[in-house]
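Biologist: Please take a close look at a single part of this model and describe it in one connected account. I would like each term explained with its cut-offs as it comes up.

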Amino acid sequence: MSDQIKFIMDSLNKEPFRKNYNLITFDSLEPMQLLQVLSDVLAEIDPKQLVDIREEMPEQTAKRMLSLLGILKYKPSGNATDMSTFRQGLVIGSKPVIYPVLHWLLQRTNELKKRAYLARFLIKLEVPSEFLQDETVADTNKQYEELMEAFKTLHKEYEQLKISGFSTAEIRKDISAMEEEKDQLIKRVEHLKKRVETAQNHQWMLKIARQLRVEKEREEYLAQQKQEQKNQLFHAVQRLQRVQNQLKSMRQAAADAKPESLMKRLEEEIKFNLYMVTEKFPKELENKKKELHFLQKVVSEPAMGHSDLLELESKINEINTEINQLIEKKMMRNEPIEGKLSLYRQQVQGILLPQPLKYLGPQASIISRKKEAKAEELQEAKEKLASLEREASVKRNQTREFDGTEVLKGDEFKRYVNKLRSKSTVFKKKHQIIAELKAEFGLLQRTEELLKQRHENIQQQLQTMEEKKGISGYSYTQEELERVSALKSEVDEMKGRTLDDMSEMVKKLYSLVSEKKSALASVIKELRQLRQKYQELTQECDEKKSQYDSCAAGLESNRSKLEQEVRRLREECLQEESRYHYTNCMIKNLEVQLRRATDEMKAYISSDQQEKRKAIREQYTKNTAEQENLGKKLREKQKVIRESHGPNMKQAKMWRDLEQLMECKKQCFLKQQSQTSIGQVIQEGGEDRLIL
């Protein structure tokens, strides 16, 4: 208890609490102060708990703390009665209750902060089923669950990124590399644009290419949708088949439901389910927990860099080399490898000799594996039995529907029963004989194994004795010699039999060869002459080929030189042609400019007024004078408009008022005509008066 109090006090004196307690001051805290300390610690975990308990009712304080401790999964020690005492102690601020809570909270503050943060978004609101019948409430609840799942995935990705350990330098390098790639892509796009702009109808071609890309993306999206719909259809068909099978099985079970068969079936199912629950599922659960622990351990480790991977690869290579060396040593020693009979040897040794304790483990694992296999076989057998029962019920129904079926009655049924009894007695006798034969076979197999084992023991003893005497391998060599001598005798007999056949075959072959030689003598003479001609022709061909190669090499070098010279002259010709065309264009431009200048000078010097008017200078002066006169007129008009703007606006307003007055009179006149005459209207001095 003292260590617990010391840990609480040290934690409260540190950041972020900074309480400055010692053992005396902390022990002398009143219940309300101790509850305030607990509330401050909870507020550090969840900021919503920052409350002054003096301004809060005790029931609300206890309810708030208990709800948060339940979210944080705090489990006080004890049973239900201790839970009630825990609640009471939390309300009154009892030290034996609050000290363990503070110790538990301060030990894992960071973990509890994360849990409280996640609980704010992951605690599901339970909506009653009667409210879920409403479509809007059901849609909102579904959207709420989808958002919760999205938050889970995002938080997992965030945690993985935190653990992965990516540095800012690496991220900056990646960003700079991506920017360089972006610049290269922009340059490439500009280069391609320049190349495309030279082609005809490039805009139309770009438009068609854009449409093609959009259609391809749409095609991929439609193919993906089609695949998803196929998968949904497949799952729906499977679900329908399962439901139909369940419906058939339930109907058949309801059709032939008897209490005895139901009791037997239920007992078998209970036994099978007990085995699955007590033995098979706990083992599978333990294996899954081990895998989960291993995966969590792998995930919690930081991301491996290139150096770590190189170290692991080097370790793997070292271990592989060691394994190869051990395998080579084992192969050099020629150690016997245990075959499939090793398991049965262990079992036989366990029957003959008193079994040591270390062999109990493998047998227990063997028995458990056999039991699991038998359970799976039992499940398959149950499924087969159910299918057979369904088929039998269908056949029964078919026989009931058909007419003309023979039903055994009376004496025929008795004779049938007697036949079955006689057959059963014969079957029992045969079965007994088969059982005796099986037992005898088992004994013989057992004796064979024992004799093999004794033979192996004797062979081992013989080898040890030979090693002691210094003649190791004597028995093996003797057996080999006997076997080789037997084989040699057999081979000698075979040789004796085959020598005569060989001599006859040799004679036949000699006769055939002589016949072939006599037939091929003339052909060989012709072949020799042809070979001489062939050698002469090959020599002549080689000489001609060498001459051709030398001549072709000289011509090829001359051709390459001429091609280079032609290419150079063509380039010069193209340059001169371009220069010629450029100079011609410049000369034509200068001639046009000179002609215009001479025409202008002639018009300017001539005494004729009409030609002077055609001069560009005169036209420009005339246009400028016209524009100046037009500007003067517009300025005068602007001045007049400015002076008359105020009176004109006033007059326009008076006309609008007059128009409104006339419209009002018109409306009054129309109303007067539509209504019955109430009085008399008299006009005097331009005024209207109504007399009732």
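Modeller: With a relative accessibility of 61%, Lys73 counts as exposed, where exposed means over 50% relative accessible area, buried means under 20%, and partly exposed lies in between, all with a 1.4 Å probe and protein chains only. This is a predicted model, in which local features need pLDDT of at least 70 and side-chain atom pairs count only at pLDDT 80 or more, while totals for chains, interfaces and linings use all residues. Residues are numbered from 1 along each chain as its sequence is written, and side-chain values use heavy atoms, with hydrogens and water left out.

Lys73 sits in the loop that runs between helix 4 and helix 5; helices here are DSSP runs of H or I with at least four residues, strands are runs of E with at least two, and both are numbered from the N terminus. Although Lys73 is not a glycine, its phi is positive, at about 65°. Most residues other than glycine have a negative phi.

Helix 4 itself, which spans residues 58–71, holds Arg64. Arg64 has a relative accessibility of 12%, so it counts as buried. Leaving out residues up to four places away in sequence, Arg64 touches Ser39, Gln49, Val51, Ile53 and Glu56, a contact being heavy atoms within 4.5 Å.

Arg64 also belongs to the packing of helix 3 on helix 4, where Leu35, Leu38, Ser39 and Leu42 of helix 3 meet Arg64, Met65, Leu68 and Leu69 of helix 4. By class, this contact has six nonpolar residues, one polar and one charged; Ala, Val, Leu, Ile, Met, Phe, Trp, Tyr, Cys and Pro count as nonpolar, Asp, Glu, Lys and Arg as charged, and the others, Gly among them, as polar. The angle between helix 3 and helix 4 is about 40°, with their axes 11 Å apart, the axes being lines fitted to C-alpha atoms over the stretch in contact and the angles running from 0 to 180 degrees between N-to-C directions. Helix 3 and helix 4 are therefore oblique to each other: angles under 35 degrees count as roughly parallel, over 145 as roughly antiparallel, 65 to 115 as roughly perpendicular, and the rest as oblique. Their crossing is left-handed, a term for a near helix turned anticlockwise from the far one by less than a right angle, whereas a clockwise turn is right-handed.

Helix 3 packs on helix 6 as well, at an angle of about 20° and with the axes 11 Å apart, so helix 3 and helix 6 are roughly parallel to each other. Helix 3 supplies Leu34, Leu35, Val37, Leu38, Val41, Leu42 and Ile45 to this contact, and helix 6 supplies Lys95, Ile98, Tyr99, Val101, Leu102, Leu105 and Leu106. The residues involved divide into 13 nonpolar, no polar and one charged.

On helix 6 (residues 95–107), helix 1 (residues 2–13) packs at about 55°, with the axes 10 Å apart, and the two helices are therefore oblique to each other. Helix 1 passes helix 6 in a left-handed crossing, with Gln4, Ile5, Phe7, Ile8, Ser11 and Leu12 of helix 1 meeting Tyr99, Pro100, Leu102, His103, Leu106 and Gln107 of helix 6. The contact of helix 1 with helix 6 has eight nonpolar, four polar and no charged residues.

These helices share in the largest nonpolar core, which has 33 residues, and Leu12, Phe26, Leu38, Leu72 and Leu105 have the most contacts inside it. A nonpolar core is a set of buried Ala, Val, Leu, Ile, Met, Phe, Trp, Tyr and Cys residues joined through side-chain atoms within 4.5 Å. Helix 1, helix 3, helix 4, helix 5, helix 6 and helix 7 each supply at least two residues of this core, and helix 6 gives the most, with eight. Setting aside neighbours within four places in sequence, Leu12 is in contact with Phe17, Arg18, Lys19, Tyr21, Phe26, Val37, Val41 and Leu106.
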